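User: I would like to work through this protein structure step by step. Please explain the reasoning behind each answer.
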Amino acid sequence: MHGSRDDQPRDVVVVTGAGGMGSAVARRLGSGRTLILADASRTQLDRTVDALRAEGYAVRGVPTDVRDRAAVERLARTAAGAGRITAVVHTAGVAAATASVSRILEVDLLGTVYVIEGFEQVAVRGTSLVCVASVAGHMASIGAEDEAALATAPADRLLGLDAVTGLGDDPTAAYILAKRANLLRVQAAALAWSRLGARVNTVSPGVVATAMAKAEADADSDGHMMRMLDACGAGRPGTPAEIADAVAFLTDPRSSYITGADLLVDGGQTAWIRHHMPRG
């Protein structure tokens, strides 16, 4: 007797971050696959895993703080042991409105590097990693030498780079730098991933209706965020489902010739800032 199809391990999807964006991605990609969800908050993780299980997903929660390289590497090994990794989506992050400079650098900058490097060790032909960056990465003004260093410096040297040590106590500047570094690290990693038959890209959302975005909006007492969305023509924030659709495209074989790239999903916000925003 041949083994049944149920005896064969399912393809594996890994999602870091169990918040609004991560759960939307998990729902979009997880059907019929083994879904591994990671988050630093055990409470948030358990709540999302329970909800997904109730909806029929084969999901496992793995508590993981992306600031901890060893924890990220354990997550990668756990995923590889569950089957063939087809997609890794890194949504975990913190926002400038609610985090300190050091936390932004540890989570958004170093955490992303750890995910790229940790999953490179277990990537196979067909694996696609998508890191969620931000439109903020397109707003950075960083010199070529600093960009080269951010793209390629070993992780243990990143926080000592001039571009990082010169930030001072400005969370917004730290967030912009970290998100720019996300784009650069993915570009620089694309060659190594291509040699494995795998791909790595970023998605840069604009304002998306998540709890994190609400915290940003609450801190935006003068309504600048919504005025900018109106001015750029979008007139509304994006939805987590729209980001999940973009991620689904980048993890699908139909995008097999796309790697080392960034997909802006911002309702035209970046284009408006560059070409139409009034200069005071």
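Analyst: A definition comes first: a residue counts as buried when its relative accessible area is under 20%, as exposed when it is over 50%, and as partly exposed in between. The structure under discussion is a predicted model.

User: By that definition, is Arg180 buried or exposed?
Analyst: Arg180 belongs to helix H8, which covers residues 171–195. Its relative accessible area is 19%. The cut-off for burial is under 20%, so Arg180 counts as buried.

User: Which residue forms a salt bridge with Arg180?
Analyst: Beyond its neighbours within four places in sequence, Arg180 is in contact with Gly137, Ala140, Ile142 and Glu147. One of these contacts is also a salt bridge, with N and O 2.8 Å apart. The bridge links helix H8 to helix H5 (residues 144–152), its two partners being 33 residues apart. The partner in helix H5 is buried, with a relative accessible area of 18%, and the residue asked for is Glu147.

User: Why is helix H1 described as largely enclosed by the rest of the structure?
Analyst: Helix H1 runs over residues 20–29. Its buried residues include Met21, Val25 and Leu29. The helix is largely enclosed because the buried residues number 7 of the 10.

User: Which residue forms a salt bridge with Arg27?
Analyst: Arg27 is partly exposed, at a relative accessible area of 31%. Its partner is also partly exposed, at 44%. In this salt bridge the closest N and O atoms are 2.8 Å apart. The partner lies in the loop between helix H2 (42–54) and strand E3 (58–63), so the pair ties together parts 28 residues apart in sequence; the partner is Glu55.

User: How many residues apart are Arg28 and Asp245?
Analyst: The side chains of Arg28 and Asp245 meet in a salt bridge, with an N to O distance of 2.8 Å. Arg28 is in helix H1 and Asp245 in helix H11 (residues 240–251), so the pair links distant parts of the chain, and the separation is 217 residues.

User: What is the radius of gyration of the protein chain, and with which value does it agree?
Analyst: The secondary structure of the chain comes to 12 helices and 7 strands. A compact globule with 280 residues would have a radius of gyration near 19 Å, and this agrees with the chain's value of 18 Å.

User: How many salt bridges are found in the whole structure?
Analyst: The pairs discussed above, including Arg180 with Glu147, are salt bridges. A search of the whole structure gives a total of 11.

Key. Residues are numbered from 1 along each chain as its sequence is written. This is a predicted model: local features need pLDDT of at least 70, side-chain atom pairs count only at pLDDT 80 or more; totals for chains, interfaces and linings use all residues. Side-chain values use heavy atoms; hydrogens and water are left out. Buried means under 20% relative accessible area, exposed over 50%, partly exposed in between (1.4 Å probe, protein chains only). Helices (H or I, at least four residues) and strands (E, at least two) are DSSP runs, numbered from the N terminus. The radius of gyration is taken over C-alpha atoms; the globule rule is 2.2 Å times the number of residues to the power 0.38. Contact means heavy atoms within 4.5 Å. A salt bridge is a side-chain nitrogen of Lys or Arg within 4 Å of a carboxyl oxygen of Asp or Glu.
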